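Visitor: I am new to this structure and would like a close look at a single part, the sheet. Please take me through it and what surrounds it.

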Amino acid sequence: MRRLAGALALTLSLGGCTGFAYISKTYVALTPQVVTIGCKDPYEVYDQRQSRSMLVVSNTLREVTGCSVGAAFAQRDPADTRVERFRLAARTYLDETVREDCKIVGERVFSDLQTEFRYTCAGPIEPRGTTVPRLPGRFNPGLGPR
């Protein structure tokens, strides 16, 4: 029984490390943009445009307290609405960065605070270094104005 518990703990910890290593390698060099949903509920989005993937990040306080994001989420536990809110943040981000034609085709939950979304678009992938639209008038949470 102890061996099984030890193996399970090792597997879970390595899985966390693998996710952390992947996120660090894929998204750490990117500047996040902030998208808001509902009652000005901000989510940081790290968009890896060349691989057509994005990491949507929330914060612990928001995930514990939640926010009444319209009638769809009213009177519901924040844990119960997490998946819907992250999907809404990802879709809103694509729409606000003038990629309404893009479709979300997959998602990978790393933690209650981080979900990666994969998307496809009709247009070609932009070459590295292409200037891309920034969301106007947004702030990075905790970092103050840009």
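Guide: What follows is a walk through the sheet, then the core, the disulfide and the pocket.

The model is predicted. The protein has three helices and five strands. Read from the N terminus, the elements come in the order α-β-β-β-α-α-β-β. Among the 146 residues of the protein, 34% count as buried.

The sheet itself is open and is formed by five strands, in the order E1-E2-E3-E5-E4, with antiparallel pairing. E1 and E4 are at the edges and have a single partner strand each, so one side of each has no neighbour in the sheet. From one strand to the next, the twist averages 30°. As background, the strands of a sheet pair through backbone hydrogen bonds, and the pairing is either parallel or antiparallel.

One pair can serve as an example. E2 and E3 are joined by five bridges in the antiparallel sense. On this pair, Tyr46 stands opposite Leu55 in E3.

At the edge strand E1, one residue is worth a stop. Thr36 lies in E1. With a relative accessible area of 24%, Thr36 is partly exposed, because buried means under 20% and exposed means over 50%. Thr36 and Leu88 are separated by 52 residues in sequence, while their C-alpha atoms are 9.5 Å apart in space.

Next comes the nonpolar core. The largest one holds 16 residues, and Val35, Tyr43, Met54 and Val56 touch the most other members. At least two residues of this core come from each of these elements: strand E1 (33-37), strand E2 (41-48), strand E3 (53-57), helix H3 (78-96) and strand E5 (114-120). H3 gives the largest share of this core, five residues. There is also a second, separate core of five residues, which includes Ile23, Tyr27, Tyr46 and Val57. Tyr46, met above opposite Leu55, is thus one of the members of that second core.

The disulfide comes next. In general, a disulfide is a covalent bond between the sulfur atoms of two cysteines. The count here is one disulfide. Cys102 is joined to Cys121, with an S to S distance of 1.9 Å. Cys102 sits in the loop between H3 and strand E4 (103-111), and Cys121 in the segment after E5, so the bond ties together parts that are 19 residues apart in sequence. The torsion about the S-S bond is about 110°, so this disulfide is right-handed. Are its two cysteines buried or exposed? Cys102 is buried, because its relative accessible area is 2% and the cut-off is under 20%. Cys121 also counts as buried, at 18% relative accessibility.

Last is the largest pocket, which has a volume of about 290 Å³. Its lining is made up of 18 residues, and those nearest its centre are Leu30, Asp47, Arg49, Thr130 and Val132. Which strand gives the largest share of the lining? The strand is E2, with four residues.

E2 therefore comes up several times on this walk: E2 pairs with E3 over five bridges, E2 supplies at least two residues of the largest core, and E2 gives the largest share of the lining of the largest pocket.

Key
Residues numbered from 1 in each chain as written. Predicted model: local features only at pLDDT ≥ 70, side-chain atom pairs only at ≥ 80, totals over all residues. Heavy atoms only, no water. Core = buried A, V, L, I, M, F, W, Y, C linked by side-chain atoms within 4.5 Å. Buried < 20%, exposed > 50% of the residue type's maximum accessible area, 1.4 Å probe, protein only. Disulfide = S-S within 2.5 Å. Pairing = 2+ DSSP bridges. Axes fitted to C-alpha atoms, helices over the stretch in contact; angles between N-to-C directions. 1 Å grid on protein atoms, 1.4 Å probe; cavity = no way out; pocket = protein on both sides within 12 Å on 5 of 7 lines; lining within 4 Å. Points joined across faces, edges and corners; volume = space filled by probe spheres on them.
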